[in-house]
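Reader: I should like to learn how to read a structural model feature by feature. May we work through one together?

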Amino acid sequence: MARRKFKNIKNVRALVSKAPIAACLSLLMLSGCQSTSSSTEPVTPAWITQTPSAPNVVYGVGQAQNYGDLQQAKNTAIESARVALAKQLNVVITADTRIVQQASKGSSKFKLNELIRSQVPDLKLQGLRISEEFQQGNTIYALAEFNKTNAIMQTELEISGIDSQIAGVSLTQSTKTQRLKSALRVKKLLAERIQKNEFLSMLQSQQVILSESVFYKAKQAEEVIADLSFNLEVTSEKESNLRDHLAKALTDQGLKVSTFKPDFIIKIRTDWQNINQDSTHYSVAQTFVSIVEKGEERAHFSSKVKAASSYQSMAKNKAMDKIADNLSGQIAEFISSSYM
């Protein structure tokens, strides 16, 4: 009897000693579960509500809603971040990160310069990267980052490379055609250089000035193009006023109009139609132009213009000005397409 009582006492003691251990284990398991649960909850980054700032670094935050296509939502958020960043730089940015300055680039009187400038590829916003992404419910967020210091260094290197290319172009070939091609190459490189310098200004950095040798090569290129001569031939002496308008349009751009061994002969025929309606005079002109080089027709184009005025002579003058402006653009297009 005594032995059975002692055995029961031992069992009770064992149960009592095990109870705290079980309680501790339960607490540890509960604590562990709580710790795991809290660690899986994503911490909302501060950049979602406030765009970060740092010296020489520009940020942009974008967002998009997920309507079932997660990848599409991410792409939209990333593009939104790029656009937001571009606004910080005062630029317009498209989906493939091409940029165009909002500030006016100025306009050149010489339409060939305008045309060459338009052929220069848009700058890439190099160094732009998406540094973070975050999802909160159905909303996707993206953080774009752009290091201005790195971009400035890269752009300066690219300008140095352009200067080396310009320095390597020869403008002393034996034929005018060869010199013209080289001159146009120099002008296109200069247009790229100007664009990159404008980018440096946008990044609030000093522009890279032309070295003496590059400046001299640019001057040579201008002289080659300015040395081109054009003779204007109209089908009738009645069109002498039109010839004067056309000649002025060319000389205003620094081109020569000459009857002595011209490089190009421009033959012009114009059909006029004058209409009087409700005390307003309309002058309508259909112009046909051909460009001849060394006896061979190299280009042929036509254009139609219309001008109005209270006076018939004024309407015709306005129409002739439009014809002259069109011809300037057509000549620029011809030179560019034929020799670049």
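Reader: How many bridges join E5 to strand E6, and in which direction do the two run?

Author: In this predicted model, strand pairing is read from the bridges between two strands. Here 7 bridges join E5 to E6 (residues 139-147), and the two strands run antiparallel. Individual partners can be named as well: Arg 129 stands opposite Glu 145 in E6, and the bridge partner of Gln 136 in E6 is Thr 139.

Reader: What lies between the strands in the hairpin of E5 and E6?

Author: The hairpin has 2 residues between its strands, and Gly 137 takes a positive phi near 65 degrees.

Reader: In what order do the strands of the open sheet lie?

Author: A sheet is described by the order of its strands and by the direction of their pairing. The order here is E1-E6-E5, an open sheet of 3 strands with antiparallel pairing. Strand E1 (57-65) and strand E5 (129-136) are the edge strands, each pairing on one side only. On average, neighbouring strands of this sheet are turned by 20 degrees against each other, direction ignored.

Reader: Which strands does helix H2 lie across, and which does helix H4 lie across?

Author: For a helix on a sheet, one reads the strands involved and then an angle. Helix H2 (residues 70-88) lies across E1, E5 and E6, running at about 145 degrees to E1. Helix H4 (residues 148-167) lies across E1 and E6, and its angle to E6 is about 50 degrees.

Reader: I also work with pockets. What volume does the second largest pocket have, and how many residues line it?

Author: A pocket is read through its volume, its lining and the classes of the lining residues. The second largest pocket has a volume of about 190 Å³ and is lined by 11 residues. Ala 249, Asp 252, Gln 253, Asp 325 and Ser 328 lie nearest its centre. By class, the lining has 6 charged, 3 polar and 2 nonpolar residues.

Reader: Which helices each supply at least two residues of that lining?

Author: They are helix H7 (240-251) and helix H8 (312-339). The largest share, 4 residues, comes from H8.

Reader: What pLDDT does the chain average, and where is the pLDDT below 50?

Author: The chain averages a pLDDT of 82, and 81% of the residues score at least 70. Over residues 94-109 the pLDDT is below 50, although this stretch has 37 contacts in the model beyond near neighbours in sequence. Where pLDDT is low, predicted coordinates should not be read in detail.

Key: Residues are numbered from 1 along each chain as its sequence is written. This is a predicted model: local features need pLDDT of at least 70, side-chain atom pairs count only at pLDDT 80 or more; totals for chains, interfaces and linings use all residues. Side-chain values use heavy atoms; hydrogens and water are left out. On a 1 Å grid over the protein atoms alone, a cavity is a set of points where a 1.4 Å probe fits but cannot get out, and a pocket is an open set with protein on both sides within 12 Å along at least five of seven lines; lining residues have an atom within 4 Å of a point. Grid points are joined across faces, edges and corners, and a volume is the space filled by probe spheres set on the points. Ala, Val, Leu, Ile, Met, Phe, Trp, Tyr, Cys and Pro count as nonpolar, Asp, Glu, Lys and Arg as charged, and the others, Gly among them, as polar. Axes are lines fitted to C-alpha atoms, for helices over the stretch in contact, and angles run from 0 to 180 degrees between N-to-C directions. Contact means heavy atoms within 4.5 Å. pLDDT is the predictor's confidence in each residue, from 0 to 100.
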